Amino acid sequence: LTLVQNHVHRSFAPLARYMRRASTFFGLPGGMNSYSTPHGSTGFAYHFDPSDAFILQVQGSKSWEVCARRLADPLGFSNPTYNQVEPGHPDVRNCEVFVLNEGDALYLP
């Protein structure tokens, strides 16, 4: 169970300022989402995102299983659910586990 709040930077001025600075720095548009998963719960199933992501752990800690990207061109897929990966699939073998604690960051290209 995960509570998802998309585009949180659109409704909170300090996050909007941060997002503008980050977009200017990287020279790219961006967006900011918030994901809250209760302690002891599992967040999203195995999947890949078609874009880069910076993960900022704001509170508590969370374990992440990070696997190799399964497509050389992540924008080259046409099925919007293609990013879902079933447990036991070859793409989710030999993943690395990272534990993010409050204040940690992770970049996923």
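**Exercises on a histidine, a disulfide and a surface patch**

His9 is buried, with a relative accessible area of 13%, in this predicted model.

**Exercise 1.** Describe where His9 is placed and what surrounds it.

*Solution.* Begin with the chain: His9 sits in the loop between strand S1 (3-5) and H1. Next, compare its relative accessible area of 13% with the cut-off, since buried means under 20%. Then look for neighbours, leaving aside residues up to four places away in sequence: His9 touches Leu15, Ala16, Met19, Gly30, Gly31 and Met32. Finally, turn to polar contacts, where the side chain of His9 reaches the backbone nitrogen of Met32 at 3.2 Å.

**Exercise 2.** Find which cysteines form a disulfide, and work out what the pair ties together.

*Solution.* The sulfur atoms of Cys67 and Cys95 are 1.9 Å apart, and these two residues form a disulfide. Cys67 and Cys95 both lie in the loop between strand S4 (61-66) and strand S5 (96-101), so the pair ties together parts that are 28 residues apart in sequence. The link is right-handed, with 95° about the S-S bond. As for exposure, Cys67 is partly exposed at 26% relative accessible area, whereas Cys95 is buried at 18%.

**Exercise 3.** Determine which element gives the most to the nonpolar surface patch.

*Solution.* First list the members: Tyr18, Phe25, Phe26, Leu28, Phe54, Leu56, Val58 and Tyr107 make a patch of about 930 Å². Helix H1 (13-26) and strand S3 (53-56) each supply at least two of its residues, and H1 gives the most, with three. Tyr18, for instance, is in helix H1 and is partly exposed, with a relative accessible area of 41%.

How values were computed
Residues numbered from 1 in each chain as written. Predicted model: local features only at pLDDT ≥ 70, side-chain atom pairs only at ≥ 80, totals over all residues. Heavy atoms only, no water. Patch = residues over 30% accessible without salt bridge, like charges linked within 9 Å, V, L, I, M, F, W, Y side chains within 5 Å. Areas by Shrake-Rupley, 256 points an atom, 1.4 Å probe, with all protein chains shown as cover. Salt bridge = Lys/Arg side-chain N within 4 Å of Asp/Glu carboxyl O. Helix = DSSP H or I, 4+ residues; strand = E, 2+ residues; numbered from the N terminus. Buried < 20%, exposed > 50% of the residue type's maximum accessible area, 1.4 Å probe, protein only. Polar contact = N/O pair within 3.5 Å; in protein donor to acceptor, adjacent residues only side chain to side chain. Contact = heavy atoms within 4.5 Å. Disulfide = S-S within 2.5 Å.
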